[in-house]
Amino acid sequence: MAAFTPYEVNLILNKLAGEKAERFQKEVLYPQLARAMRLRVSSAQEVREALADAYYAFRTMLGYYAFAKRGNDREEYSGFALQALERALKGKKENFSALLASGTAPQQLWEAFVQVCQENQRKINEQLNRGLIEGLAGFAARIYQEDEIGNIWTTIHQAIVRSGRVEPIYQQITEIRGIGPKVGSLLLRDMVALYDLEAQIDPADYHYLQPVDTWIRRIGPMLTEELTDDSADWIIAGKLSKLCRRNRVSGVRFNQGVQYLAIVELRQLERLKDYLRKLAQSTSTVGAPPRTSTSFTWRR
């Protein structure tokens with residue numbers, strides 16, 4: 001049985017997809033992307049403009065998304081991967097196209113990564129890292145062969161815009177060794193939010209935009225009786241996507257809002273239920289929140 005009434009669920013969803021998602025984007029996502037790109041960007045428009053450059057898009061993939069689920073090693077190995085990229089480019093951004101055109105980009109990037117790890121006296125973890133690094137470099141190189149640009153980010157974005165589907169690109173991304181379902185969904189979730197694409201996407205694909213972690217798994221049964229603590233990830237993603245849609249709330253922004261609670265505002269999972277109850281109560285005292293920032297005209 002869900003922990004909250006339908007009215008309370010609506011209030012909670014709106015709050016998470018509204019204020020909490022905004023904070024996630026401004027306080028977490030944009031600063032982290034800026035650090036990965038090594039640029040000063042602080043707004044959605046600035047991030048979009050930066051990601052239009054193939055080099056900065058690749059830095060984002062390596063420095064923010066590639067190692068996203070690596071736990072305590074994430075920041076360190078992301079840094080090593082970015083150092084490896086600069087070494088492969090001989091410190092010049094202008095060499096990125098030449099690297100992709102060389103036919104040996106995956107090998108060059110992997111060899112540079114090995115050197116950086118050895119110099120820092122850290123494990124190479126070849127089984128975990130080689131397929132990931134070579135796979136991303138190979139993906140960018142294949143795109144370069146087709147368009148002589150090699151921008152992973154804009155290629156994915158354009159494919160979504162053209163088709164209104166995310167399943168094909170999700171399958172393509174997750175075929176890269178080391179990019180599992182959670183990272184694939186995380187990348188697509190943020191992209192769809194950044195370009196406000198959700199209303200243009202076939203609802204059958206919404207579950208691909210709902211990365212499931214411990215927090216999403218815990219919050220699911222609190223919001224809908226259709227979920228239990230042992231529901232499979234794909235079922236959780238699908239049911240929560242439908243719940244958001246029924247409440248006319250953005251599913252990608254809801255997911256980002258939950259992530260904000262996890263890493264900034266709340267952090268302690270055992271406090272989640274009480275926090276949500278207080279969130280619903282505080283929201284209901286001032287009336288239901290406006291829908292302008294979290295709802296939109298759904299594709300049918």
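In this predicted model, helices α3 and α10 each supply at least two residues to the lining of the second largest cavity. The largest share of that lining comes from α10, with three residues. The residues around this space are Met61, Tyr65, Ala66, Leu136, Ile173, Ile179, Val183, Gly184 and Leu187. By class, eight of them are nonpolar, one is polar and none is charged. The volume enclosed is about 40 Å³.

A search of the whole structure gives two cavities of 30 Å³ or more. The largest cavity holds about 50 Å³ of space. Ten residues line the largest cavity, and the closest to its centre are Glu198, Tyr206, Ser241, Gly251 and Val252. Helices α12 (233-246) and α13 each contribute at least two residues to this lining. Its composition is six nonpolar, three polar and one charged residues. Rolling a probe the size of a water molecule over the atoms shows where such empty space is left.

The open spaces come next. The largest pocket contains about 740 Å³ of space. Its lining has 29 residues, of which Gln32, Tyr64, Ala68, Arg74 and Glu75 are the closest to the centre. At least two lining residues come from each of α1 (6-37), α3, α4 (74-88), α10, α11 (214-223) and α13 (251-265). Helix α4 gives the most, with six residues. Sorted by class, the lining of the largest pocket has twelve nonpolar, ten polar and seven charged residues.

Two buried polar residues can be followed in α1 and α4. Ser78 is located in helix α4. Its relative accessible area is 4%, so Ser78 counts as buried, the cut-off for that class being under 20%. Leaving aside residues up to four places away in sequence, Ser78 touches Leu62, Gly63 and Phe67.

Gln25 belongs to helix α1. Why does Gln25 count as buried? The reason is its relative accessible area of 7%, which falls in the range under 20%. The side chain of Gln25 makes a polar contact of 2.8 Å with the side chain of Gln256. Beyond residues up to four places away in sequence, Gln25 touches Tyr30, Pro31, Ala193, Arg253 and Gln256.

Helix α8 shows how one helix is set among others. It covers residues 152-163, twelve in number, and spans 17 Å from its first C-alpha to its last. That span is close to the 16 Å expected at 1.5 Å a residue. Which residues of α8 are buried? They are Ile152, Trp153, Thr154, Ile156, His157 and Ile160. These buried residues pack against α2 (44-51), α3 (54-65), α7 (126-147), α9 (167-174) and α10 (181-194). Helices α3 and α10 thus appear here as packing partners of α8, and each also supplies residues to the second largest cavity and to the largest pocket.

The two ends of α8 can be described separately. At the N-terminal end, Asn151 acts as a cap, with a side-chain oxygen 2.9 Å from the backbone nitrogen of Trp153. Trp153 is also one of the buried residues of the helix. After α8 comes Gly164, which has a positive phi near 70 degrees.

Positive phi values also occur outside glycine in this model. Most residues other than glycine have a negative phi. Arg38 has a positive phi near 60 degrees and lies in the loop between α1 and α2. Is Arg38 buried or exposed? Its relative accessibility is 56%, so Arg38 counts as exposed, given that this class begins over 50%.

Asn125 is another residue other than glycine with a positive phi, in this case near 50 degrees. Asn125 sits in the loop between α6 (105-119) and α7. With a relative accessible area of 29%, Asn125 counts as partly exposed, because that class lies between the cut-offs of 20% and 50%. The loop holding Asn125 leads to α7, one of the helices against which the buried residues of α8 pack.

Methods. Residues are numbered from 1 along each chain as its sequence is written. This is a predicted model: local features need pLDDT of at least 70, side-chain atom pairs count only at pLDDT 80 or more; totals for chains, interfaces and linings use all residues. Side-chain values use heavy atoms; hydrogens and water are left out. Helices (H or I, at least four residues) and strands (E, at least two) are DSSP runs, numbered from the N terminus. The expected span of a helix is 1.5 Å times one less than its number of residues. Buried means under 20% relative accessible area, exposed over 50%, partly exposed in between (1.4 Å probe, protein chains only). Contact means heavy atoms within 4.5 Å. A polar contact is a pair of N or O atoms within 3.5 Å; within protein, one must be able to donate a hydrogen and the other to accept it, and residues adjacent in sequence count only if both atoms are side-chain atoms. On a 1 Å grid over the protein atoms alone, a cavity is a set of points where a 1.4 Å probe fits but cannot get out, and a pocket is an open set with protein on both sides within 12 Å along at least five of seven lines; lining residues have an atom within 4 Å of a point. Grid points are joined across faces, edges and corners, and a volume is the space filled by probe spheres set on the points. Ala, Val, Leu, Ile, Met, Phe, Trp, Tyr, Cys and Pro count as nonpolar, Asp, Glu, Lys and Arg as charged, and the others, Gly among them, as polar.
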